[in-house]
Amino acid sequence: MLSIRDLRVEFESPHGLIMPVDSVDMDILDKETFTIIGESGCGKSLLANSLLGLLPRDAKVSGKVHIDGEEILSLKKKEWRRIRGNKIGLVFQNPSASLNPVFNMHGHLYETLKYSNKPSSRDKMVSLLKKTGIKNPLRRLSQYPHQLSGGMKQRFAIALGIATDPDILIADEPTNGLDVTVKLKIVQMLSKLHSERSILLITHDLNVAYNLSDKIAVMYAGELVEIAPVNSFFEKPIHPYSSQLLVSHPEKEMLPIPGFTPQLTQRPQGCRFHPRCALASRKCKHEHPGLEKIEGERYVRCFACA
Amino acid sequence: MLEVKALDKSYSSSTIPFRKKSTKVLENISFRINKHETLCIVGESGCGKTTLAKCLVNLEKPDNGRIILEGRDVTFPDRKTLSFLHTKVQMIFQNADTSLNPRHLIYDSLAEPLRLQCQNEDNVRKRVLQLLNHVGLSEEHLHRYPHQLSGGQNQRIAIARSIALHPDLLIADEITAALDVSVQAQILQLLKTLKKEMDMTLLFISHDLALVKRIADRVAVMQEGKIVEINDTNEVFHNPQSPYTKQLISSMSKLSLNNHDLK
């Protein structure tokens with residue numbers, strides 16, 4: 001369905017060329033929920049935005065992204081419009097900031113539907129709001145973002161994402177900053193949408209990832225270090241970073257990972273995780289490991305584990 | 001050590017002139033914190049957790065009620081009482097990136113509480129270095145600005161600043177809400193060691209139940225400005241009494257990493 005090969009995002013900076021996203025390879029199958037987890041600053045959101053051509057102009061994006069066999073990274077500005085919304089929908093991070101405060105819900109939906117040449121009837125809008133669990137949809141349509149609670153805004157942002165019926169929905173941190181009860185409701189709602197289309201979920205919340213995904217990819221310092229089916233990942237993570245990330249969760253032992261994540265300008269040579277890794281050997285310091293396939297559908301970027 | 005009796009607080013909004021509308025944010029809050037324990041306050045956003053913390057350090061004035069710190073009434077403190085309060089109780093705020101002054105070097109942020117105590121600059125410098133060591137940072141971080149450090153590092157600075165004057169009670173308000181799990185674990189481990197080393201009492205405010213379950217001795221559950229339940233951690237999680245607590249715990253366990261229901 002969506003296949004990404006050697007995707008890189010580069011920026012010129014005063015400290016030289018930086019590469020927040022580095023040679024990402026992954027495939028998302030039809031009706032699959034694929035989750036990227038990783039800590040803030042690891043490049044998750046940039047990766048998502050690059051799939052929609054939404055990066056600033058000074059970003060250099062290279063590699064190949066195929067959607068249903070069509071290469072999209074080389075598209076011209078106008079052709080992107082055909083992809084956005086119709087093929088790939090996006091639920092932006094932080095709906096309080098991404099919704100337009102002077103548009104009511106009707107306005108948001110109308111604009112979205114019009115630009116992708118979809119019928120924008122009131123019935124359609126009401127059914128979208130119903131689908132995302134918004135009660136009293138007719139009254140809500142005339143309300144503005146500031147009149148909605150955080151959870152409601154998030155539901156509405158998801159409704160906007162699926163309004164144009166895209167084949168793939170990218171959801172960037174859809175549960176950020178929500179309380180447990182609201183978070184649970186959003187997760188339950190997303191798991192219902194799950195059977196209709198592929199979802200690329202981006203989150204740093206392990207609970208959300210566990211409950212929604214089919215496959216998990218772990219991102220560290222710009223690259224994917226492990227890809228695995230969700231159950232085997234949570235039973236037995238293989239990459240040292242993945243296992244330590246799980247162990248640092250409050251429901252597990254809550255032991256911290258020693259050291260800090262490397263800055264973009266000072267990435268270590270060799271394996272990027274080696275300064276914080278208990279299994280690091282000499283080889284890890286000098287050579288950069290590739291993402292290798294081990295057993296079934298699991299991929300790992302580590303000399304010690306492959 | 002600290003006792004709160006029947007605290008009320010309401011905010012008034014005056015959108016229409018001469019017609020003030022007031023919203024109650026704290027209603028009849030009473031509890032006590034015992035020496036050396038970790039008391040956690042949980043509740044959803046907007047339930048008044050932060051307002052309560054602010055009342056305790058005199059950043060907000062309560063309408064009614066009394067706050068008694070080691071036998072001394074600190075509800076409406078005069079200057080002397082205020083300085084007593086601030087040497088005993090310190091607070092770490094939600095978001096370290098915004099609670100540190102962006103135009104102050106890290107050194108100045110850390111030195112400020114010490115200078116207020118009229119210590120000479122040599123001592124201040126010594127103590128600042130000592131504090132940095134305590135929180136696992138090094139001298140190179142001193143001459144930077146908050147925006148040059150990561151969220152986790154800034155939170156360490158905020159912790160260092162709050163322990164500068166050896167407080168007995170530390171109030172931590174959602175200090176890990178903006179941090180990743182691995183950094184959260186680092187910060188909490190740090191807080192745990194400091195608490196032990198310096199013999200502190202901790203009032204920890206959070207909305208993350210899994211986290212609270214791990215670190216609290218006692219838990220107070222807040223809903224819409226009221227404490228609906230307060231008990232030992234084990235009791236609260238295994239034998240919750242109020243319907244609200246039950247609901248929170250069931251949501252938490254449905255999202256838990258050990259649950260398979262949603263799949």
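Of the 306 residues of chain A, 43% count as buried, where buried is the word for a residue with 20 or more other C-beta atoms within 10 Å of its own, exposed for one with 12 or fewer, and partly exposed for what falls in between, with the C-beta atoms placed from the backbone. I should say straight away that this is a predicted model, in which local features need pLDDT of at least 70 and side-chain atom pairs count only at pLDDT 80 or more, while totals for chains, interfaces and linings use all residues. Residues are numbered from 1 along each chain as its sequence is written, and chains are lettered from A, and ligands numbered from 1, in the order in which they are written.

Staying with chain A, there are 12 helices and 12 strands, these being DSSP runs, H or I over at least four residues for helices and E over at least two for strands, numbered from the N terminus. The C-alpha trace of chain A spans about 65 × 45 × 40 Å along its principal axes.

Let me turn to where the chains meet. Taking two residues to be in contact if their C-beta atoms, placed from the backbone, lie within 7 Å, we find 26 residues of chain A in contact with 25 residues of chain B. On the chain A side, the elements that give two or more residues are α8 (180-193) and α9 (206-212), and α8(A) gives the most, with 7 residues.

Now to the interior. The largest nonpolar core, meaning a set of buried Ala, Val, Leu, Ile, Met, Phe, Trp, Tyr and Cys residues joined through C-beta atoms within 7 Å, has 148 residues, and among those with the most contacts inside it are A:Ile170, A:Leu200 and B:Ile171. If we leave aside neighbours within four places in sequence, B:Ile171 is in contact with B:Ala53, B:Leu56, B:Val57, B:Val89, B:Met91 and B:Leu203.

Finally, chain B has an open sheet of 6 strands with mixed pairing, in the order β6-β7-β8-β3-β9-β10, where two strands pair if DSSP finds at least two bridges between them. At the edges stand β6 (89-92) and β10 (226-232) of chain B, each with a single partner strand, so one side of each is left without a neighbour in the sheet. Within this chain, β9 (residues 218-223) and β10(B) pair in the antiparallel sense over 6 bridges, and B:Arg218 stands opposite B:Asp232 in β10(B).
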